[in-house]
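Q: Hi! Could you walk me through a few spots in this fold with me?

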Amino acid sequence: MIKVRVKILIRFVKNFSMDYMDQIAQLLKPRPEDAFKNIFGHALLIAGQKGMAGAGILAAKACMKSGCGLLSVRVPECNRVIMQISVPEAMVLTDNSDECFTTPVNTEKYQAVGIGPGLGQSSNTKNALEMQLEQIRVPLVLDADALNIISTNPQLWEHVPYGTIITPHAGELDRLTGIKACNFEQRLDNAETLAAEHSVIVVMKGAPTRIITPSGNCFANTTGNQGMATAGSGDVLTGVILSLLAQGYDNESAARIGVFVHGLSGDIAARRKGMTGMTSCDIAEVLPEAWMQITQQKSFQIRP
């Protein structure tokens, strides 16, 4: 019992530092004056089955509003037009199927890959996900149905690259671990076990969101509010993290920065719209303002 209490106390002291925003600001890279889009990375997002185009759109918008240079989105034919119209900055790759993800993408030219928002869980999509995971050699973030497929097909873990970021909410985490947690502490312990066992970074979404690394480091985020418990909020987070990975941030920094900015955007949206009426679109739309707030921290200095 004493050991458990000490463990909780260490987490509390480490994770609720008063200068957390300053810490996040210091993780940011400067954008060179002679920059061009290619140096900020090309991201690939695989998302959206028939009837779930919105998830991919939210993730794609968040990705483009978080600094990456280029984004390609793989969608089924049924979602091609709406994606092209909704996110004109993105390039659209059409799957062979009209309704879902069935054919893996060659990822050699991309700097990071995100898979999962609105993906669906058909047998064809499961097979495509397995083939996709086998060939990925770049930083990866997995969310939503990608995690649900893995939870029912645990053999897929052997294909998940070291350091991959996964972003489960409570239900998805319980399914991934096969254990229905009775309380927060048990769920956190399960997340730590999952991170260590599969060498992944677990973004345990909640209040507050925790970032758990394979080595056992645990960071508690200090932004966000209950208004963010709305459909599509997690898709926005996936897009932000994907963008950071494509820009060359290490996986731990991408997770920490992404979660903080996502929560800060939620706080800005809540002030403008109220927690009851805010939507995930509101969170995505104010991402630029959240980035401005962080980079304008007094302690943040542009380094040569």
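Q: Which residue of β4 does Ile46 stand opposite?
A: In this predicted model, Ile46 stands opposite Ile115 in β4.

Q: And how do β1 and β4 pair, parallel or antiparallel?
A: They run parallel: β1 pairs with β4, residues 112-115, over 4 bridges.

Q: What about β2, which of its residues stands opposite Ile46?
A: That one is Arg74. Strand β2 covers residues 70-75 and pairs with β1 in the parallel sense, over 5 bridges.

Q: Nice. Which helix goes with β1 and β2 in a β-α-β unit, and what is its handedness?
A: Helix α3, residues 53-64, joins β1 and β2 in that unit, and the unit is right-handed.

Q: Is β1 itself mostly covered or mostly open?
A: Mostly covered: β1 spans residues 42-46, and 5 of its 5 residues are buried. Both faces are covered, with His42, Leu44 and Ile46 buried on one side and Ala43 and Leu45 buried on the other.

Q: Switching to cysteines: how many disulfides does the count come to?
A: The count comes to 0. Cys100, for one, is in no disulfide, and the nearest cysteine sulfur, in Cys78, is 8.6 Å away.

Q: Is Cys100 buried or exposed?
A: Buried, at a relative accessible area of 12%.

Q: Why is there no bond for Cys218?
A: Because its closest cysteine sulfur, in Cys182, is 19 Å away, which is too far for a bond. Cys218 also counts as buried, with 5% relative accessibility.

Key
Residues are numbered from 1 along each chain as its sequence is written. This is a predicted model: local features need pLDDT of at least 70, side-chain atom pairs count only at pLDDT 80 or more; totals for chains, interfaces and linings use all residues. Side-chain values use heavy atoms; hydrogens and water are left out. Buried means under 20% relative accessible area, exposed over 50%, partly exposed in between (1.4 Å probe, protein chains only). Helices (H or I, at least four residues) and strands (E, at least two) are DSSP runs, numbered from the N terminus. Two strands pair if DSSP finds at least two bridges between them. A crossover is right-handed if, with the strands pointing away from the viewer, the path from the first strand over the helix to the second runs clockwise. A disulfide is a pair of cysteine sulfur atoms within 2.5 Å.
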